[in-house]
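Biologist: I should like to learn how to read the strands, cysteines and empty spaces of a protein model. May we take the features one at a time?

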Amino acid sequence: MSQPTNETSPASPPPARRDFIREMVAEDVASDRFGRQIATRFPPEPNGFAHIGHAKSICLNFGIKEEFNGRCNLRFDDTNPFTEDIKYVEAFKQDVEWLGFEWDAELYASDYFETLYDFGELLVTNGKAYVDSQSDEEIREGRGTVTSAGTESPYRNRSVEENLDLLRRMRAGEFPDGAHVLRAKIDMAHPNMVMRDPLLLRIRHAHHYRQGDAWCLYPLYDFAHPLSDAIEGITHSLCTLEFKDNNDIYRWLVHSCGFQRPPEQTEFARLELDYTVLSKRKLLRLVNEKFVSGWDDPRMPTIAGMRRRGVTPEALRAFCETIGVARKPARTELATFEHAVRNDLNMRVPRVMCVTKPLKVVIENYPEGRVEELDASYYPHDVPLTGSRKVPFSRELYIERDDFMENPSKKFYRLAPNREVRLRYGYFITCTGIVKDSSGEISELRCTYDPATRGGDSPDGRKVQGTIHWVSAAQAIDCDLNLYDKLFTIPDPDAVEEGQDFLSVVNPESLVVIERAKVEPSAGGDPIGSRYQFERTGYFVSDPVSQSGRLTFNRTVTLRDSWAKIKEK
RNA sequence: UGCCCCCUCGUCCAAUGGCAGGACAUCGGACUUUGGAUCCGAGAAUGGUGGUUCGAAUCCACCGGGGGCAACCA
């Protein structure tokens, strides 16, 4: 495992991770259960942005396509004209592509409205559906409760002719919203609530973002989804646990509509991630109520947000791989996600020096006006990439304020009075004096350097405990840093106390802006979107948006910080 | 309270009647021009009780716990 990644790997790839769904698909392939190519679909409703929970589903559905030589459709389940928008369609497409997947077809449930309507007529003709003319309250009351049976609608036994006539007039737009609905005729006493004559079509004189005003009849999920799958020849319809009960109507419908070897629905647990929320309703509130700057705010668990935060698609896919797929509802620790991000970034991004809280250092024995260009590798010894840049060194430098302690504790390895440390890629320096301002705060350090330690090695073999990062004062570039942290203060924001709102546990320090940090000049010429590791600080990406006109970097994730743990003790 | 699903290290996932294993996290050590990375090591789990079986995390029963379902949302 310690082999560099750029070496050729052994012929056989590691066996793909197996979960209960892939096991099932493998069996179905072996038995040719469906008599056709394995087919999955990713079926978002375009009413918000894709988030990391969608990423899990995307990786599953497209992963199965790739592993079993199948196909996978991107289908928008756009059956609700009130909530959907083309901008969400575009965002989903961009995010799936960014993750590195290709769909075999881009499809829309709303394109099936005609076909779906025809199935409605078919069901009516076969006596399996009827037009109900109760009000929505009457329908709700008639459904009964989880412990008591429902009651049949007085319209339940209309003749096929009457049903057909009504249905056609519903479609023709003769009735106002809510006047009638088409319902499946199943069992009003069914122990599964979903099977108590589920609604199939409803009247909505509404404008659809894609179909315009062509329809006033809109199918409901339980009607549209199974049939859309069946129409497309899907074999494995994968969805999350909360649709478990809907599986009964799914099977009833595809059989009632005459599909041979219809798709089979299988449910898996949706992703829950500590310190965040993943329901679109709640994400929408964060956006609308301005807790974040938008769907792509780097604090958002959306794919767009993570992209802007600097997360790579590879890291996101690796994360989805490690969390696995199972039927048990489970929360994943943030550390698991952060590990996936660091693990990926560590191997691919250049190291650069940036001082976040500058403290001026004057090297008293370094000639005034002199500037040296020191060689600095972009990558550490254990990352198999090469490349380097020059960093200027001069008499006046900045170091990190936290890298100096006037009265150091025992385990503090960094700079202190009369102590020697290494400047990364530079020289050994020793602190010889402290300058304080009128308020008693340290404003400047006086140091000496050892000219024999250029590059960071001492010819006499003496060691220093610490190595710190720095920039040359005159050449450093001012920049702003967006330091992002968890969006919520508690691991499960959905579980706030009674009467409390998840918005009450938004972390007020989820974004801390540092103005006028000092980054080494080499970063000035890089394109927006470049990722770095700021040595000893964290991974950052340059952001297209700058309030100040200065270069702005978003912190993707901090480095693991074992010093922080020592400090706590 | 009806139906359905689920319960394995702190967390996530394996083990498909036959040695409970991996990853993250934690702790310790080595190495180190990032208190990063890497390497080595340690601790850490089958909810409970019965039953079937030569043998049970796995099958059965009961108990306990968690979750989903009563939108003209998806």
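Biologist: Let us begin with strand pairing: which residue of β19 does Glu-420 stand opposite?

Modeller: As a general idea, strands of a sheet pair through backbone hydrogen bonds, either parallel or antiparallel. In this model, which is predicted, Glu-420 stands opposite Thr-430 in β19. The strands concerned are β18 (residues 420-423) and β19 (residues 428-436), which run antiparallel and are joined by three bridges.

Biologist: What is found in the hairpin of β18 and β19?

Modeller: Four residues lie between these two strands, and among the residues of the hairpin Tyr-425 has a positive phi near 65°.

Biologist: How does β19 pair with β20, and over how many bridges?

Modeller: The pairing of β19 with strand β20 (residues 442-449) is antiparallel and extends over seven bridges. Thr-430, which faces Glu-420 in β18, also stands opposite Thr-448 in β20. In the hairpin of β19 and β20 there are five residues between the strands, and Gly-440 takes a positive phi near 90°.

Biologist: In what order do the strands of the open sheet lie?

Modeller: The open sheet has seven strands with mixed pairing, in the order β12-β25-β26-β27-β23-β24-β13. Its edge strands, β12 (351-352) and β13 (354-355), each pair on one side only. Within this sheet, strand β23 (residues 477-484) and strand β27 (residues 551-558) run parallel and are joined by four bridges. Cys-479 stands opposite Leu-551 in β27.

Biologist: Which helix lies across β27, and at what angle?

Modeller: Helix α12 (residues 334-346) lies across β27, running at about 120° to that strand. The same helix also lies across β12, β25 (531-534) and β26 (538-542).

Biologist: Turning to the cysteines, how many disulfides are found?

Modeller: A search of the whole structure finds zero disulfides.

Biologist: Why is Cys-72 not bonded to Cys-59?

Modeller: A disulfide requires the two sulfur atoms to be within 2.5 Å. The closest cysteine sulfur to that of Cys-72 is in Cys-59, and because 11 Å separates them, they are too far apart for a bond.

Biologist: Is Cys-72 buried or exposed?

Modeller: The cut-off for buried is under 20% relative accessible area. Cys-72 has 0% relative accessibility, so Cys-72 counts as buried. Cys-216, at 8% relative accessibility, therefore counts as buried too.

Biologist: How is empty space recognised, and what is the volume of the largest pocket?

Modeller: Rolling a probe the size of a water molecule over the atoms shows where empty space is left. Here the largest pocket has a volume of about 1,600 Å³. It is lined by 44 residues, of which Arg-414, Arg-536, Thr-537, Leu-559 and Asp-561 are the closest to its centre. The elements giving two or more residues to this lining are α12, β27 and α13 (562-568). Of these, α13 gives the most, with five residues.

Biologist: How many cavities of 30 Å³ or more does the search find?

Modeller: The search of the whole structure finds one cavity of 30 Å³ or more. The largest cavity holds about 40 Å³ of space. Its lining consists of Met-353, Val-391, Pro-392, Trp-470, Val-471, Ser-472, Glu-520 and Pro-521.

Biologist: Which element supplies the largest share of the lining of the largest cavity?

Modeller: The largest share, three residues, comes from β22. Both β16 (388-393) and β22 (470-472) supply at least two residues of that lining.

Technical notes:
Residues numbered from 1 in each chain as written. Chains lettered and ligands numbered in written order. Predicted model: local features only at pLDDT ≥ 70, side-chain atom pairs only at ≥ 80, totals over all residues. Heavy atoms only, no water. Pairing = 2+ DSSP bridges. Contact = heavy atoms within 4.5 Å. Axes fitted to C-alpha atoms, helices over the stretch in contact; angles between N-to-C directions. Buried < 20%, exposed > 50% of the residue type's maximum accessible area, 1.4 Å probe, protein only. 1 Å grid on protein atoms, 1.4 Å probe; cavity = no way out; pocket = protein on both sides within 12 Å on 5 of 7 lines; lining within 4 Å. Points joined across faces, edges and corners; volume = space filled by probe spheres on them.
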